[in-house]
Amino acid sequence: MPLAASRRRLALDALGIAVSAGGFGFVYGLAARAAGFSPLEAGAMSLLVFAGASQFAAVGYVLGGFSWLGVVLLTAFLNARHFLYGAALAPYLADERRPMRAAMAHVLTDEAFALSIAHFRRIGRADVPGYWLGAIGSTFIPWNLATLLGVTLGGVIPDPTRFGLDVIFPAAMGGLAVGLIVGRRELAAALASAVIGVSVSLAWDPAAGIVAGGLIGPLVGMAVPRAAGERDAETMIAFDPARTGFMGPGDPRPGNEVTPDGERPGAERRPEEGLP
Amino acid sequence: MSAALVPLAFLMGLATYPWRAVPLLVPGMHRLPPRVQLYLRLVGPAVLGALAAVDTMVVLDAARHPSFHVGWEWLAVGLCIAIVAIRKNLFVGLIVAAAGIAILRGLGLAPLP
């Protein structure tokens, strides 16, 4: 897909995510206010941690009188899934400068990952401006602004869950998962992880459930044979031309010429095209 | 204005950042074996699927004890997924999901979990 077209789709998806991030940031601000956080404390959490689930959990931990060590350890556990996001994006970003990657890491959330991996796959390479749009424009700015609004104005606004904001996050995650399902392996991984995630959550804790689903679900997907005619998924993100033949950006071989809008005229259509 | 929890926020940030940064900064992550690359490719739909399912079907009580939740939220999330699958439009899907739940709650049909 041409870069410009993919960026337009990214921007549209990012708009939906911004609504989600804004809604949840606001609810987080309300929760933090109810727990006695000052605007400075709630804002520092959103700015420095920038991980919604662990921030919500931290409000509960602080209210519950957890030690700081316990809060930090639980935060580390809850956010362990971000390692998988970084590992999945690493092949695309390998050629970016190290300081750039270090900065990108701070804003690598569920939403940023979902938007950027879909965008990268559509165009077959990394797009740094697209990453920033997905990470900062859709999430970082709305989340932080909404946190401050929630913690400062929360007392005069009725419960936002009455307006259905609590379903936006799971709906956004489900919708973005659909965009990444390009074959029966992805479908199997998503369904298996959902079942595993819910089961482990009920038996132990939702944070453990999400990590367990994220770790085991892909193994289930790998065990599923490809459908007839389905492309080998391994080739889609393999960036070593010498081994795989994949032509990354900058590869001068015929068929890899890049037009001004980022399109490779000779590039093979990818299964992701046509998906959000 | 209290700043007592700002150091905690900083420590929580320190506990979070390495998970995000290490795989992006460690050399060689782009030359992983194909099976590992396939695994990582499946991580996206897997984690997002788990997040959606857990957030819809599991609720925590005041003591953080999990329980299984069945409610209209399932329909709202399913509707959003269907709209994305058919119409390729996440924004519309989210609006429909949130509006549907808001209307049902306004009618007293979808109590908060």
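Reader: Which is the crossing of H9(A) and H2(B), left-handed or right-handed?
Author: The crossing of H9(A) and H2(B) is left-handed, a word used when the near helix is turned anticlockwise from the far one by less than a right angle, whereas clockwise would make a crossing right-handed. The model is a predicted one, in which local features need pLDDT of at least 70 and side-chain atom pairs pLDDT 80 or more, while totals for chains, interfaces and linings use all residues. Residues are numbered from 1 along each chain as its sequence is written, and chains are lettered from A and ligands numbered from 1 in the order in which they are written.

Reader: What makes H9(A) and H2(B) roughly parallel or roughly antiparallel?
Author: Their axes (lines fitted to C-alpha atoms over the stretch in contact, with angles from 0 to 180 degrees between N-to-C directions) come within 8 Å and cross at roughly 155°. Angles over 145 degrees count as roughly antiparallel and those under 35 as roughly parallel, so H9(A) is roughly antiparallel to H2(B). Residues in contact (C-beta atoms, placed from the backbone, within 7 Å) include Phe169(A) and Met173(A) of H9(A), and Leu48(B) and Ala52(B) of H2(B).

Reader: How many residues does each chain bring to the contact of chains A and B?
Author: Chain A brings 100 residues and chain B brings 69 residues. On the side of chain A, the largest share, 13 residues, comes from helix H9, residues 168-180.

Reader: Why is Phe83(A) called buried or exposed?
Author: A residue is buried if 20 or more other C-beta atoms lie within 10 Å of its own, exposed if 12 or fewer, and partly exposed in between, with C-beta atoms placed from the backbone. Phe83(A) has 20 such atoms within 10 Å and is therefore buried. Phe83(A) lies in helix H5 of chain A, residues 81-93, and, beyond its neighbours within four places in sequence, is in contact with Trp19(B), Val22(B) and Pro23(B).

Reader: Which residues touch the most other members of the largest nonpolar core?
Author: In this core (buried Ala, Val, Leu, Ile, Met, Phe, Trp, Tyr and Cys residues joined through C-beta atoms within 7 Å), which has 118 residues, they are Ile168(A), Leu94(B) and Ala97(B). Helix H2 of chain B, residues 34-57, supplies the largest share of this core, 14 residues.

Reader: How many helices and strands does chain A have?
Author: Chain A has 13 helices and zero strands, these being DSSP runs numbered from the N terminus (H or I of at least four residues for helices, E of at least two for strands).

Terms used: Contact = placed C-beta atoms within 7 Å. Parallel < 35°, antiparallel > 145°, perpendicular 65-115°, else oblique.
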